[in-house]
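Trainee: I'm new to this one, and I'd like a close look at a single part of it. Could you take me to the aromatic rings and walk me through what's there?

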Amino acid sequence: MSPAEVTEALDRLTERSSRGRYATRTTWPRRAGPMTWSINGDRFGGWEFQRTFDGYFG
């Protein structure tokens, strides 16, 4: 998934925003953060995951 798609899904889960293709019945406003399977994958990907979500959860 692209960072934009993950951000869209997080917005939907926490705010129940009306945009995009993801639908939820409720929200979870007390988000802790997304989980990555491998920090090494992010390292070799230029830290894209970290850069994208540091601002989101900052």
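Mentor: Sure, but let's get our bearings before zooming in. This is a predicted model, and of the 58 residues in the protein chain, 21% count as buried. The accessible surface of the protein chain adds up to about 4700 Å², with carbon and sulfur atoms holding 53% of that area. As for the fold, you'll find three helices and zero strands, so to speak an α-α-α pattern when you read along the sequence. If you take the contacts between residues at least 6 apart in sequence, 30% of them join residues at least 24 apart.

Now for the rings. Search the whole structure and you get one aromatic pair. The partners are Phe 49 and Phe 53, with 5.0 Å from centre to centre and 55° between the planes, which is a tilted arrangement. A pair like this is described by just those two things, the distance of the centres and the angle of the planes.

Where does the pair sit? Both Phe 49 and Phe 53 belong to helix 3, which covers residues 48-57. They are four residues apart there, about one turn of the helix.

The two partners also get different labels for how covered they are. Phe 53 has a relative accessibility of 7%, and since buried means under 20%, Phe 53 counts as buried. Phe 49 comes in at 28%, so Phe 49 falls between the 20% and 50% cut-offs and counts as partly exposed. So when you look at the tilted pair in helix 3, you're looking at a buried Phe 53 beside a partly exposed Phe 49.

Notes. Residues are numbered from 1 along each chain as its sequence is written. This is a predicted model: local features need pLDDT of at least 70, side-chain atom pairs count only at pLDDT 80 or more; totals for chains, interfaces and linings use all residues. Side-chain values use heavy atoms; hydrogens and water are left out. Rings of Phe, Tyr and Trp (its six-membered ring) pair if their centres lie within 6.5 Å; planes under 30 degrees apart count as stacked, over 60 as edge-to-face and the rest as tilted. Helices (H or I, at least four residues) and strands (E, at least two) are DSSP runs, numbered from the N terminus. Buried means under 20% relative accessible area, exposed over 50%, partly exposed in between (1.4 Å probe, protein chains only). Contact means heavy atoms within 4.5 Å. Accessible areas come from the Shrake-Rupley method with a 1.4 Å probe; for residues, only the protein chains shown count as cover.
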